[in-house]
Number of protein chains: 2
Amino acid sequence: MEKIFSYQQLFYFTKSVFLKMGCREREADIAAKNLLVADMRGIDSHGVARLSGYVRLWEVGRINAKADIRVIHETPSTAVVDGDAGLGLVVAPFAMNIAIKKANEVGSGWVSVQNSNHFGIAGQYAMMGLDKDMIGIAMTNASALVAPTFSKEKMLGTNPIAVAVPAGEQPPFVADFATTTAANGKLEILQRKNQPVPTGWVQNKDGDSSYDAHELKNGGALLPLGSDREHSSHKGYMLGSIVDIFSGVLSGANFGPWVPPFPAYVPMPENLPGKGIGHFFGAMRIDAFGTAADFKKNMDQWINRFRNAQSISEKQPVLVPGDPERLIEEERSQKGIPIIEEVETDLRNLAKKLSLSL
Amino acid sequence: MEKIFSYQQLFYFTKSVFLKMGCREREADIAAKNLLVADMRGIDSHGVARLSGYVRLWEVGRINAKADIRVIHETPSTAVVDGDAGLGLVVAPFAMNIAIKKANEVGSGWVSVQNSNHFGIAGQYAMMGLDKDMIGIAMTNASALVAPTFSKEKMLGTNPIAVAVPAGEQPPFVADFATTTAANGKLEILQRKNQPVPTGWVQNKDGDSSYDAHELKNGGALLPLGSDREHSSHKGYMLGSIVDIFSGVLSGANFGPWVPPFPAYVPMPENLPGKGIGHFFGAMRIDAFGTAADFKKNMDQWINRFRNAQSISEKQPVLVPGDPERLIEEERSQKGIPIIEEVETDLRNLAKKLSLSL
């Protein structure tokens, strides 16, 4: 059961929730916009479905609604941002804007972030450079749900990577993906339906392959992209590690199994080596590598050629990264955002608790 | 059947082959060293096994032994290098050195390369920043062997990514991997043995799953990391695309299905949009993001924690990226490099053709 909500309705509600948490007007606005990008682009697990989770983190003191976000180290092309335990939805665009500023000045900008929180989907920050003719890069670490190859233990988050590349007449190339075989959101859908998961998505507490969507609650783990050794799970493990090192180790945030959990009821890891969770952002001006016109012409040709690659089935053309999310965004801009019953209930309970109306 | 060769013997022979091609002394030296890194680190498919392939490319005029490698565009943190159709083994370290120089000056350096050729393994260039306390990044596009998700057509190369990260007391973290499920080298081993390949490595000309190691000769393709849609092959496709765009589109090299093939007998694609093959390199000073001492302490903790993660089997501990190659390198430094009979025959034929002794 789904119900359609207008963007405005969800935006107004989300913003008023952030205001109730004590966010400043402008930051509540930014946070609401950035959370809703996920709902607009069809990544329903990362949008308003998580709003009550942010509130619970604020209630237990893990989110600082009035954060003093600032640069604590920099060179002409790099910086470290301290998010002061603020909302990742506000810290992330602050940091990406610094990467963009530095790219304007010296060709590229690279910003690692400590002391932040969950930032929604990665793609939207990578996309912030598009209208400035920049390639954007965004990644984040997250609490450990993923077992490296040969490991029983969960050591890495789903650690997504996003890369957005401007084109000329074509819509941009936007890749945005978790470094696991299955996104946690897809697992959650099967959990709700009580359906088995495909082989290669999760392992049980002993490290054996499992079909149980609830395995993570019983000591199991998500598997890195590649699933098993024979299909190169070590490559997904390496990718997730790179994201963790760039986001966590480089910035002075937590890393590996010490990254703070999103659910407020999960206790914090002990002996933290850093502060909060970490992100990493990059921006490269396309005219720092030649003329922007040449780049756009070639990128149009790239996109055209890939979209017209001979497909296996006539029913399913080859896609260019960003195509599916853009189509959903176009549809939802027209028709509104479908919200499943469980999430609607969660939002209504939240409205009640905070004396707001949905 | 294998025979052990000393490093010196293979180095001397390889260097004399490059000298016969007309390389300058210093560049023959660099090229031989960089080719042999693959043999030393156990990536046997990319070392002297390819030497006669380089010679054939030179014979048909696709490799320029006296290339005038130069920077054709730059900003303080970025550059484009034109490899002048030179050996990738010489062009790549030239470009990585520029990335390192720029990192020294402004915190990070990013160099995209056009008009190059096959550069051996990616990892060694990423590792060039390690003793300068820099994180190094290296990637390259390659001729199309890989079908994107839903595609019958081969559109991308195995497009590897390498990231090397310095530590303190621990050996460095070195990730170096093709963005496919199976490395082409592993496929070649099964081809020689006439053995079937695991499901998820290749598809046949119709896009169906195949067990035939020879499928690529019959219009089949390698599969992106993830293997199939259910196991997120679109993520491997996105990764390979990012490598292609950074290496090919950004530099003005060829991209996608237009990347020139390594085997000299394979005709060049038509209507090339760029020049040669493309690479992309990055260097980031760790002290551009805080103190080097803090970074190294945290990186040591990262490495220690992951290496000591609880493993599924007592016989197989959890590995840190770079561990397997480093162990092989230590062993081969002591005992020499094992060369299989087929490669030895190939080298002896090459020696005869060029009037050299192996």
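## A two-chain model built around seven-stranded sheets

Let's start with the sheet in chain A: seven strands form an open sheet with mixed pairing, in the order 2-3-4-11-5-6-7. Its edges are held by strand 2 (70-74) and strand 7 (173-177) of chain A, each with a single partner strand, so one side of each is left without a neighbour in the sheet. Keep in mind that this is a predicted model, with an ipTM of 0.98 and a pTM of 0.98. For chain A, the mean pLDDT is 97, and 100% of the residues reach 70 or more.

**The sheet and domains of chain A**

- On average, neighbouring strands of the chain A sheet are turned by 15° against each other, direction ignored.
- Within this chain, strand 5 (residues 134-140) of chain A pairs with strand 6 (residues 161-165) of chain A through four bridges, in the antiparallel sense.
- To find one of these pairings in the structure, look for A:Ile137, whose bridge partner in strand 6 of chain A is A:Val163.
- Chain A is divided into domain 1 (1-66 + 336-358), domain 2 (67-181 + 228-291) and domain 3 (187-222).
- Between the C-alpha centres of domain 1 of chain A and domain 3 of chain A there are 28 Å.

**The sheet of chain B**

- Chain B also has an open sheet of seven strands, with mixed pairing and the order 2-3-4-11-5-6-7.
- At the edges of the chain B sheet stand strand 2 (70-74) and strand 7 of chain B; each has a single partner strand, so one side of each is left without a neighbour in the sheet.
- Here too the average turn between neighbouring strands is 15°, direction ignored.
- Strand 5 (residues 134-140) of chain B runs antiparallel to strand 11 (residues 277-285) of chain B, and seven bridges join them.
- A handy landmark is B:Ile137, which stands opposite B:Gly282 in strand 11 of chain B.
- Helix 4 (residues 88-106) of chain B packs on this sheet and touches strand 2, strand 3, strand 4, strand 5 and strand 11 of chain B. The direction of helix 4 makes about 160° with that of strand 4 of chain B.

**How the two copies are related**

- A turn of 180° and a shift of 0.0 Å along the axis lay chain B on chain A with an RMSD of 0.0 Å.
- The two copies are thus related as by a two-fold rotation axis.
- B:Gly226 has the C-alpha nearest the axis in chain B, at 2.4 Å from it.
- Both copies use the same surface, as 100% of the contact residues of chain B recur in chain A.

**Where the chains meet**

- The contact involves 66 residues from chain B and 66 residues from chain A.
- On the side of chain B that touches chain A, at least two residues each come from strand 3 (78-82), strand 4 (108-116), strand 6 (161-165), strand 7 (173-177), helix 7 and helix 8 (292-307) of chain B.
- Helix 8 of chain B gives the largest share of that side, eight residues.
- Sorted by class, the side of chain B that touches chain A holds 35 nonpolar, 25 polar and six charged residues.
- Reaching over to the other chain, helix 7 (residues 233-249) of chain B lies across strand 6 and strand 7 of chain A. Helix 7 of chain B runs at about 135° to strand 7 of chain A.

Definitions and conventions
Residues numbered from 1 in each chain as written. Chains lettered and ligands numbered in written order. Predicted model: local features only at pLDDT ≥ 70, side-chain atom pairs only at ≥ 80, totals over all residues. Least-squares fit on C-alpha atoms with pLDDT ≥ 70 in both. Contact = placed C-beta atoms within 7 Å. Domains from an automatic or database assignment. Pairing = 2+ DSSP bridges. Axes fitted to C-alpha atoms, helices over the stretch in contact; angles between N-to-C directions. Nonpolar A, V, L, I, M, F, W, Y, C, P; charged D, E, K, R; others polar. pLDDT = per-residue confidence, 0-100.
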